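Biologist: I am new to this structure and would like a close look at one part of it. Could you take a single strand and walk me through what surrounds it?

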Amino acid sequence: MFIFTTVGQLNVNSRNTVKYLLYSSVGCHLCEEALALCLQVIASSQITVVDILDDDDKEPEEPGSLYSQYGISIPVLKNQQSQQELFWPFDLHALQEFIQ
C-alpha cells in the first residue's frame, strides 16, 4: 500500500524515466486502487503520483489548475508521451490496452 502525502509527487523520478502520471489526491481510496492496479503492469519507476491539490502555480479553483481539470475525475492516468488519458473506472484489461 502506498501512503499519499501532501507533497506534490509520491514517486520522484527523472522525467526521462517517468512515462505515466497518475493524478490523485490525499485520502482518495479509488486512487489507491488505481495505483495498485497500475503497479501490476507498469514499473513503479515509470509512474509518478501527482496530488492535484499541490499545483504550485495556481489556486485549486483557478481555471487551468490540476484540481479544476481533474477534481471530479481522479484517478486519471496520463501517458506523458502521447498525452492520452485513462479515466477511472478502468480495469486491468483497459489498462493493458492503454499502455500498449
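Modeller: Leu 21 stands opposite Lys 78 in strand E3, and I should say at once that this is a predicted model. The pair belongs to the antiparallel arrangement of strand E1 (residues 20-24) and E3, which are joined by four bridges. E3 also has a partner in strand E4 (residues 85-87), with which it pairs in the antiparallel sense over three bridges, and here Lys 78 stands opposite Glu 85. Between the strands of the E3 and E4 hairpin there are five residues, and Gln 83 takes a positive phi near 70° in this hairpin.

The strand E3 itself, residues 76-79, is covered on both faces, with Val 76 and Lys 78 buried on one side and Leu 77 and Asn 79 buried on the other. Of these residues, Leu 77 leads on to the largest nonpolar core, which has 14 residues and in which Leu 77 is listed among those with the most contacts, together with Leu 22, Cys 38, Ile 42, Ile 47, Phe 90 and Leu 95. At least two residues of this core come from each of E1, helix H1 (29-38), strand E2 (47-51) and H3, while the largest share, four residues, is supplied by H1. Cys 38 shows how these parts meet, since, leaving aside its neighbours within four places in sequence, Cys 38 is in contact with Leu 77 as well as Ile 47, Phe 90 and Leu 95. Apart from this core lies another, of eleven residues, including Tyr 23, Cys 31, Tyr 70 and Ile 74.

Note on methods: Residues are numbered from 1 along each chain as its sequence is written. This is a predicted model: local features need pLDDT of at least 70, side-chain atom pairs count only at pLDDT 80 or more; totals for chains, interfaces and linings use all residues. Side-chain values use heavy atoms; hydrogens and water are left out. Buried means under 20% relative accessible area, exposed over 50%, partly exposed in between (1.4 Å probe, protein chains only). Two strands pair if DSSP finds at least two bridges between them. A nonpolar core is a set of buried Ala, Val, Leu, Ile, Met, Phe, Trp, Tyr and Cys residues joined through side-chain atoms within 4.5 Å. Contact means heavy atoms within 4.5 Å.
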